[in-house]
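Here are my notes for you, written as numbered points. Keep the viewer open and find each residue as you read.

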Amino acid sequence: MKLLVNALVKFLSGLLLVGLLLFLPAGTVRYPGGWRFMALLFLPMLVFGALLFMKAPEMLKKRLNTRETEPMQKGVVVFSALVFIAAFLLAGLDFRFHWTSVPPWLTIAASLLMLAAYGLYMEVMRENAYLSRTVEIQEGQKVIDTGLYGVVRHPMYTSTILLYLSIPLVLGSWVSFAVFLLYPAAIVFRIRSEEQVLSAGLAGYTEYKEKVKYRLVPYIW
């Protein structure tokens, strides 16, 4: 019951916060991009959260934990939060004052990409039972080197980058997209710090890095 209440509180808080960040600067609730984005984000989140609660409550518990202990990771989390806040506010203002516009075909493509990225994210969670929102070494943790983890070392971050770069296009704002470009840079810093922790504390991770060369994108990085 405690887990259920915690999950519902965080879900509703996120829903309210995102709604305020989008519709207040837009000056209206008649913001199609805002409603489109919220539907694409929160409806799958609700379904996925319900499945985790029924099938894998421990995984849900780990996903709700956002308390970082590493100083570098704390800084990355704060920076990422500021990027999100600024990007959402600017998307609303962009709609209100008509600074930029995204072609309808690109908005549709971005919506499909957002759903695909969310599906990729769920597949990563299925493959890795140790997946957490914080950088930590868990008791009994083993290196996962199959499936998507056999292609890149951090498929979760690959999926989140695709997800977050599609968001401003779903919202219909190039201004917001420019701000969201800062997110991949934050992820690069997070990965470098995370790999130091994993190499030092997780048996077999150094060998895994030799086996899987690329962190985010095959043949690139």
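1. Let's start with the salt bridges: there are three of them in this structure. Please keep in mind that the model is predicted. One bridge brings the side chains of Glu-195 and Arg-153 together, with N and O 2.8 Å apart. Its two ends come from distant parts of the chain, 42 residues apart: Glu-195 belongs to helix α8, while Arg-153 sits in the loop between α5 and α6. Where do you find these two charged residues, buried or exposed? Both Glu-195 and Arg-153 are buried.

2. Glu-195 has another partner, Arg-215, and here the closest N and O atoms are 3.3 Å apart. Once more distant parts of the chain are linked, since Arg-215 lies in the segment after α9 and Glu-195 in helix α8, with their positions 20 residues apart. Arg-215 is buried, just as Glu-195 is. Which residues do the shared partners join into one network? They are Arg-153, Glu-195 and Arg-215.

3. The bridge between Lys-213 and Glu-210 has its closest N and O atoms 3.5 Å apart. Try comparing its surroundings with those of the network: Lys-213 and Glu-210 are both exposed, whereas Arg-215 and Glu-195 are buried.

4. Next, look at helix α8 itself, which runs over residues 182–201 and so counts 20 residues by the helix assignment used here. From first C-alpha to last, α8 reaches 29 Å, close to the 28 Å expected at 1.5 Å a residue. Several of its residues are buried, among them Tyr-183, Ile-187, Arg-190, Ile-191, Val-197 and Leu-198. Glu-195, the residue from the salt-bridge network, is also on the buried list for α8.

5. Helix α1 offers a similar exercise in checking length. Why does the length of α1 agree with what is expected? Its 25 residues (2–26) should span 36 Å at 1.5 Å a residue, and the end C-alpha atoms are indeed 36 Å apart. The buried residues of α1 include Ala-7, Phe-11, Val-18, Leu-21, Leu-22 and Phe-23. Right after the helix comes Gly-27, with a positive phi near 75°.

6. Part of α1 also contributes to the surface. A nonpolar patch is formed there by Met-1, Leu-4, Val-5, Leu-8, Val-9, Val-47, Leu-51, Phe-53 and Met-54, which together have about 840 Å² of accessible area. The elements giving two or more residues to this patch are α1 and α2. Leu-4 is in helix α1, and it counts as partly exposed because its relative accessibility is 30%.

7. Thr-107 is a good residue to zoom in on, and you will find it in helix α5. Its relative accessibility is 9%, so Thr-107 counts as buried. The side chain of Thr-107 reaches the backbone oxygen of Leu-169 at 3.5 Å. What else does Thr-107 touch, leaving aside neighbours within four places in sequence? Its contacts are Arg-36, Val-102, Leu-169 and Val-170.

8. Two residues other than glycine deserve a look for their positive phi. For His-98, phi is near 55°, and this residue is in the loop between α4 and α5. His-98 is exposed, with 64% relative accessible area. For Tyr-219, phi is near 70°, and its place is the segment after α9. Tyr-219 counts as exposed because its relative accessibility is 72%.

9. Now zoom out to the whole chain. How many helices and strands does it have? The answer is nine helices and zero strands, giving the pattern α-α-α-α-α-α-α-α-α along the sequence. Of the 221 residues, 42% are buried. Among contacts between residues at least 6 apart in sequence, 78% join residues at least 24 apart. The accessible surface comes to about 12,100 Å², and 70% of it belongs to carbon and sulfur atoms.

Key: Residues numbered from 1 in each chain as written. Predicted model: local features only at pLDDT ≥ 70, side-chain atom pairs only at ≥ 80, totals over all residues. Heavy atoms only, no water. Helix = DSSP H or I, 4+ residues; strand = E, 2+ residues; numbered from the N terminus. Expected span 1.5 Å × (residues − 1). Buried < 20%, exposed > 50% of the residue type's maximum accessible area, 1.4 Å probe, protein only. Salt bridge = Lys/Arg side-chain N within 4 Å of Asp/Glu carboxyl O. Polar contact = N/O pair within 3.5 Å; in protein donor to acceptor, adjacent residues only side chain to side chain. Contact = heavy atoms within 4.5 Å. Areas by Shrake-Rupley, 256 points an atom, 1.4 Å probe, with all protein chains shown as cover. Patch = residues over 30% accessible without salt bridge, like charges linked within 9 Å, V, L, I, M, F, W, Y side chains within 5 Å.
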